[in-house]
Amino acid sequence: MKQVLRNERGMALALAIVAMVIVGALVAGALFSGTQEQRMAESSRFQQQSFGVAEAGASELIRTWNTTTFNGRRAYPQDSAAAIAWTNAASNTGSYNGSVFKLADNLYLFDVTGRDTMSRANRLQGGGFNQRLGVLTRIKPLQVDIQASLTTGNSDQLAGQATVDGNDHIPPGWLTCGPTGAALAGVRSDKGTTVDTTGNASVRGSPAVLIDSTVTDSTFTKFGSINYAQLSASANVTVPGQNFSNSIGPVVNGAGQCDLTVQTNWGDGVNPLSPCGTYFPIVHITGDATIDGVQGQGILLIDGSLSVQGGFQWFGITIIQGQLKTSGGGSTDAHFWGATMVHDSVSFGTNTLSGHANINYSQCAVLKVLNATAKGALMRSRSWVQLY
Amino acid sequence: MHHLTRRGFSLIELMVALVLLGMISAAVYQVLVSDQRIYQAQTQKIDLQQNIRAAVTILPAEFRVLNASDGDIYAMGADSIKIRAMRVFGVVCDTPILGGALGGRGVTVRNALTFGSRAFSSATDSLLIYYEGNAGTRNDDGWVSGDLIGTVAALCVPDGRPGTKLTTNLKPFLLPKQNLPGAIPLGAPVWAFEVDTYRVYQAPDGQWYLGLRPAGGAIQPLVGPLIGANGMTLSYFDAAGAVTAVPANVAQIEIRVRGQTAQPIRLADGRQMNQVDSILTRVALRNNRRW
């Protein structure tokens with residue numbers, strides 16, 4: 001009878017299992033290392049992608065500069081930063097968001113964070129990637145050839161109490177202006193024209209009258225890289241020529257904010273700290289206009305002629321393609337603070353003039369308006385900042 | 001009586017078993033050794049790749065922010081570069097008094113808008129402060145420089161929020177910049193930088209590394225080991241894409257890093273040698289003057 005060896009023992013199975021465990025561990029280790037390396041390489045790629053999205057976002061924000069949102073703020077921290085919501089990059093490689101800090105009247109910091117698509121969708125372990133960078137921008141002001149309080153393309157007659165003053169003035173209540181600058185000419189006019197004063201009218205400045213052959217049609221129609229038509233096309237308010245009477249003045253809505261929907265709200269230069277004190281519209285009047293009151297600020301573009309009576313005050317730049325006629329002035333000191341440019345002849349203070357009809361040069365008003373109405377561009381140098 | 005016969009292993013059986021065991025053990029050993037070699041080689045290669053990848057993370061971040069046209073590159077060569085390395089960025093919230101002496105000017109920066117890899121350091125930093133000049137034009141905009149000689153906590157003047165007052169000895173303003181009141185406005189950006197040198201060097205262990213030498217400090221390894229003195233090569237290009245040797249004309253820098261494994265790797269044929277890998281990238285300098 002064949003007997004079965006019941007307690008037969010061997011090591012083959014044990015050895016095989018041990019060998020498999022060891023080999024398995026090594027393979028798993030190698031696989032783990034390889035996977036880690038792959039993840040790191042992927043991470044690097046996503047990081048680069050996020051960086052590209054952040055840069056693209058910053059460029060897009062500058063390209064689509066929003067003058068109402070950005071320029072209409074007071075400098076940080078008087079006003080908080082303007083928040084930029086998550087926006088898909090044009091390349092579809094991710095999204096960006098951020099904040100825009102107004103550092104000064106003409107300086108801005110764009111703080112932009114970019115996320116690649118996978119990170120934005122929270123599909124990466126560890127939360128994915130953010131790349132944050134900053135871009136410094138400076139307002140690219142309109143290149144208006146301002147060398148005098150009043151620049152004209154034809155002869156001028158001043159009478160009554162009219163005064164044109166090229167000395168630098170700071171408008172009453174404008175507390176954030178720097179020191180006054182050098183005086184400009186009172187009247188700068190085309191060659192061959194005359195500037196006549198009668199009665200108590202006066203022209204002041206350095207010099208009082210500057211007859212300048214470089215004053216040409218383009219002085220009134222070309223402003224650096226853009227022309228009058230393009231500037232008009234960018235106006236915040238476009239209205240036909242009419243008699244505005246005393247309808248021009250700031251309007252605050254029920255929420256206590258400047259109401260930009262009202263076509264006769266042209267900002268508040270008399271009260272810079274009011275809600276409309278930071279609103280500097282470009283106003284385009286497509287014909288002849290008569291204005292008696294009350295006030296506004298910004299860039300006033302008039303295709304026709306302008307007749308100003310009563311106590312109307314304008315703070316900023318005025319460009320008139322036709323003629324300018326002023327009379328009166330009421331209890332206010334001036335009609336215009338800033339710089340005034342009149343393409344055709346100017347006739348001041350006729351016999352109907354009562355009180356003051358003044359045109360005062362104000363560097364501060366000009367700069368404020370230029371900074372408030374123009375778009376920004378990268379600073380001349382060192383505009384790129386790595387934020388942490 | 002029935003006897004249970006127990007038979008032992010014969011010598012032949014034992015020898016066959018031993019031979020078989022030996023063969024199996026040898027095979028397992030070969031597998032183990034091979035796996036170990038692959039594992040070590042893999043680890044070394046990963047380290048190598050991480051190393052050279054680190055180089056193209058660190059260097060572009062340093063170069064990207066340079067303004068070569070305004071002198072941020074002090075010296076440059078194929079294996080080294082000496083630069084103004086930007087460390088802190090801030091925004092002025094109390095302006096320096098200008099129009100007179102330039103020494104000991106105080107300028108306060110707002111803490112909430114200060115960014116950097118570290119804090120301001122009067123031991124190593126110099127400053128670049130935005131010069132506005134005539135606010136009506138961008139053509140005179142630029143930067144004035146000065147050595148940072150002190151920092152102290154302070155409050156921003158317009159609003160009383162936390163800031164840091166930086167005391168600096170400003171350097172003479174170069175035309176068209178003029179030392180006039182108001183030339184540096186509220187909100188002006190400020191950069192703090194130190195002068196650093198990146199270069200390839202051979203360490204006492206005989207290996208070659210990409211090192212960082214801060215101004216007045218000793219060189220320290222950043223990335224390595226590299227394959228040798230040519231382990232990192234820098235090439236410089238101007239705005240037109242042509243190679244340039246003029247620091248002020250540099251618009252792009254090409255970085256080529258060639259690294260090797262820290263230890264030799266045993267190849268399948270038994271030879272041992274270091275594995276080599278390389279990486280190439282090109283960086284555009286973002287902060288050059290535009291006109």
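These legends go with a set of close-up views of a predicted model.

**Figure 1. Chain B meets chain A across a shared interface.**
Here we're looking at where the two chains touch, with 55 residues coming from chain B and 46 residues from chain A. Interface size is often quoted as the accessible area lost when the parts come together. In this model, chain B and chain A bury about 4,400 Å² between them, and 61% of that is on carbon and sulfur atoms. On the polar side of things, 18 residue pairs are in polar contact across the interface of chain B and chain A, both residues being at pLDDT 80 or more. The elements of chain B that each supply at least two residues to its side of the contact are α1 (11-64), β2 (80-94), β4 (115-116), β5 (126-131) and β8 (189-202). Of these, α1(B) gives the largest share, 13 residues. Sorted by class, the side of chain B that touches chain A has 23 nonpolar, 15 polar and 17 charged residues.

**Figure 2. Arg138(A) reaches a partner in the other chain.**
Zooming in on charge pairs, there are 4 salt bridges between chain B and chain A. One of them puts Arg138(A) together with Asp141(B), and their closest N and O atoms are 2.6 Å apart.

**Figure 3. Cys177(A) and Cys364(A) are joined by a disulfide.**
A disulfide is a covalent bond between the sulfur atoms of two cysteines. The whole structure has 3 disulfides over all chains. In this one, the sulfur atoms of Cys177(A) and Cys364(A) sit 1.8 Å apart. The link is left-handed, with -80° about the S-S bond. Cys177(A) is in the loop between β7 (163-165) and β8 (185-189) of chain A, while Cys364(A) belongs to helix α6 (residues 363-373) of chain A, so the bond ties together parts that are 187 residues apart in sequence. Cys177(A) is buried at a relative accessible area of 15%, and Cys364(A) is buried too, at 12%.

**Figure 4. Helix α6(A) is largely enclosed by the rest of the structure.**
This is the helix that carries Cys364(A). The helix counts as largely enclosed because 10 of its 11 residues are buried. Among the buried ones are Val366(A), Leu367(A), Val369(A) and Leu370(A), and the list also includes Lys368(A), Asn371(A) and Thr373(A). What do the buried residues of α6(A) pack against? Their neighbours in chain A are α2 (67-71), β4 (131-139), β16, β18 (295-302), β20 (313-320) and β22 (336-342).

**Figure 5. A second disulfide of chain A links Cys258(A) to Cys276(A).**
The S to S distance is 2.0 Å, and the link is right-handed, with 105° about the S-S bond. Cys258(A) and Cys276(A) both lie in the loop between β15 (243-245) and β16 (282-285) of chain A, so this bond ties together parts that are 18 residues apart in sequence. Cys258(A) is buried at 14% relative accessible area, and Cys276(A) is buried at 1%. Number the bonded cysteines of chain A in sequence order and the pairing reads 1-4, 2-3.

**Figure 6. Chain B has a disulfide between Cys93(B) and Cys156(B).**
The two sulfurs are 2.1 Å apart, and the link is left-handed, with -70° about the S-S bond. Cys93(B) is in strand β2 of chain B and Cys156(B) is in the loop between β6 (142-155) and β7 (162-170), so to speak distant parts of the chain, 63 residues apart. Both cysteines are buried.

**Figure 7. Arg87(B) has salt bridges to Glu62(B) and Glu194(B).**
Over all chains, the structure holds 21 salt bridges. For Glu62(B) and Arg87(B), the closest N and O atoms are 2.8 Å apart. Glu62(B) is in helix α1 of chain B and Arg87(B) in strand β2, so the pair ties together parts 25 residues apart in sequence. Arg87(B) also pairs with Glu194(B), at 3.4 Å between the closest N and O atoms. Glu194(B) is in strand β8 of chain B, so this pair ties together parts 107 residues apart. Glu62(B) and Arg87(B) are both buried, and so is Glu194(B).

**Figure 8. Arg118(B) and Asp125(B) belong to a salt-bridge network.**
The closest N and O atoms of Arg118(B) and Asp125(B) are 2.6 Å apart. Buried or partly exposed? Arg118(B) is partly exposed, at 28% relative accessible area, whereas Asp125(B) is buried, at 3%. Through shared partners, salt bridges join Glu62(B), Arg87(B), Arg118(B), Asp125(B), Glu194(B) and Asp196(B) into one network.

Technical notes. Residues are numbered from 1 along each chain as its sequence is written. Chains are lettered from A and ligands numbered from 1 in the order in which they are written. This is a predicted model: local features need pLDDT of at least 70, side-chain atom pairs count only at pLDDT 80 or more; totals for chains, interfaces and linings use all residues. Side-chain values use heavy atoms; hydrogens and water are left out. Contact means heavy atoms within 4.5 Å. Buried area is the accessible area (1.4 Å probe) that two parts lose on being put together, summed over both. A salt bridge is a side-chain nitrogen of Lys or Arg within 4 Å of a carboxyl oxygen of Asp or Glu. A polar contact is a pair of N or O atoms within 3.5 Å; within protein, one must be able to donate a hydrogen and the other to accept it, and residues adjacent in sequence count only if both atoms are side-chain atoms. Helices (H or I, at least four residues) and strands (E, at least two) are DSSP runs, numbered from the N terminus. Ala, Val, Leu, Ile, Met, Phe, Trp, Tyr, Cys and Pro count as nonpolar, Asp, Glu, Lys and Arg as charged, and the others, Gly among them, as polar. A disulfide is a pair of cysteine sulfur atoms within 2.5 Å. Buried means under 20% relative accessible area, exposed over 50%, partly exposed in between (1.4 Å probe, protein chains only).
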